[in-house]
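Here is a quick walk through a protein model, with the sequence and the 3D view to follow along. Have a look at it first, then read on.

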Amino acid sequence: MMNETSKKPSMPLASVDTSASDRLGLEEIVHLANKVGLEYATAKKDADRLELLKPTIRARIMIRLDDGVMNETRLRRLTETDPEYVEFLEKMAETRGEADKLRVRYESYKNLFEAKRSLLSYHKAEMKLV
């Protein structure tokens with residue numbers, strides 16, 4: 001059960017402005033989906049690259065911090081709290097977040113395309129009945 005403070009106000013569907021998407025034709029939607037899809041692919045590539053570099057960055061910092069006396073566990077803890085490593089992790093999270101936002105936009109345009117296409121098919125079939 002949700003309490004009053006955690007409940008977010010929901011916007012009634014009737015008040016959602018769909019006029020911009022109503023004016024878009026299928027060709028424009030395809031163009032927008034393609035543009036956002038390419039942006040998503042680039043952002044995903046950047047996020048994947050950072051994910052692949054994570055062990056390399058960690059190892060580089062460990063080499064810098066290793067004094068030859070410190071045990072492995074302490075060295076790992078110091079590495080994971082090193083400002084350079086934390087900054088790298090924050091950049092990685094930001095890049096992933098940006099890729100996720102672009103993926104959502106891309107999927108939205110794909111869904112809009114399918115909905116518009118279905119609606120046009122429905123109207124076309126309706127006209128044949130008249």
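## Overall layout

What pattern does the protein follow when read along the sequence? It goes α-α-α-α. Keep in mind that this is a predicted model. The secondary structure adds up to four helices and zero strands.

How much of the protein is buried? Of its 130 residues, 18% count as buried. As for contacts between residues at least 6 apart in sequence, 70% of them link residues that are at least 24 apart.

## The seven-residue core

Let's start inside. The largest nonpolar core is made of seven residues: Ala33, Val36, Tyr40, Ala43, Ala99, Leu102 and Tyr109. H2 and H4 are the elements that give two or more residues to this core, and the largest share, four residues, comes from H2.

Alanine 99 is a handy residue to click on here. Leaving out residues up to four places away in sequence, alanine 99 touches Tyr40, Ala43 and Lys44. Two of the names in that contact list, Tyr40 and Ala43, also belong to the seven-residue core. There is a second, separate core too, with six residues, among them Ile57, Tyr85, Phe88 and Met92.

## An aromatic pair in H4

How many aromatic pairs does the structure hold? There is one. Tyrosine 85 and phenylalanine 88 make it up, and the pair is stacked, at 6.5 Å centre to centre with 25 degrees between the planes. The pair counts as stacked because its planes are under 30 degrees apart.

Both partners sit in helix H4 (residues 83-129), three residues apart, or about one turn of the helix. Tyrosine 85 and phenylalanine 88 are also both buried, and you have already met them as members of the six-residue core.

## Where H2 meets H3

Now turn to helix H2 (residues 26-65) and helix H3 (residues 72-81). Their axes come within 9 Å and cross at roughly 115 degrees, and the crossing of H2 and H3 is right-handed.

Which residues make the contact between H2 and H3? From H2 come Arg58, Ile61, Met62 and Leu65, and they meet Glu72, Leu75, Arg76, Leu78, Thr79 and Glu80 in H3. Sorted by type, the residues of this contact are five nonpolar, one polar and four charged.

## Two spots to check for accessibility

Aspartate 66 is found in the loop that runs between H2 and H3. Is aspartate 66 buried, exposed or partly exposed? Its relative accessible area is 39%, so aspartate 66 is partly exposed: that value falls between the cut-offs of 20% and 50%. Along the chain, aspartate 66 and threonine 79 are 13 residues apart, and their C-alpha atoms are separated by 9.5 Å. Threonine 79 is one of the H3 residues in the contact with H2.

Lysine 45 belongs to helix H2. With a relative accessible area of 53%, lysine 45 is exposed, because exposed means over 50%. The C-alpha atoms of lysine 45 and alanine 99 are separated by 8.8 Å, though the two are 54 residues apart along the chain. That brings us back to alanine 99, one of the residues of the largest nonpolar core.

How values were computed. Residues are numbered from 1 along each chain as its sequence is written. This is a predicted model: local features need pLDDT of at least 70, side-chain atom pairs count only at pLDDT 80 or more; totals for chains, interfaces and linings use all residues. Side-chain values use heavy atoms; hydrogens and water are left out. Rings of Phe, Tyr and Trp (its six-membered ring) pair if their centres lie within 6.5 Å; planes under 30 degrees apart count as stacked, over 60 as edge-to-face and the rest as tilted. Buried means under 20% relative accessible area, exposed over 50%, partly exposed in between (1.4 Å probe, protein chains only). Axes are lines fitted to C-alpha atoms, for helices over the stretch in contact, and angles run from 0 to 180 degrees between N-to-C directions. A crossing is left-handed if the near helix is turned anticlockwise from the far one by less than a right angle, and right-handed if clockwise. Contact means heavy atoms within 4.5 Å. Ala, Val, Leu, Ile, Met, Phe, Trp, Tyr, Cys and Pro count as nonpolar, Asp, Glu, Lys and Arg as charged, and the others, Gly among them, as polar. A nonpolar core is a set of buried Ala, Val, Leu, Ile, Met, Phe, Trp, Tyr and Cys residues joined through side-chain atoms within 4.5 Å.
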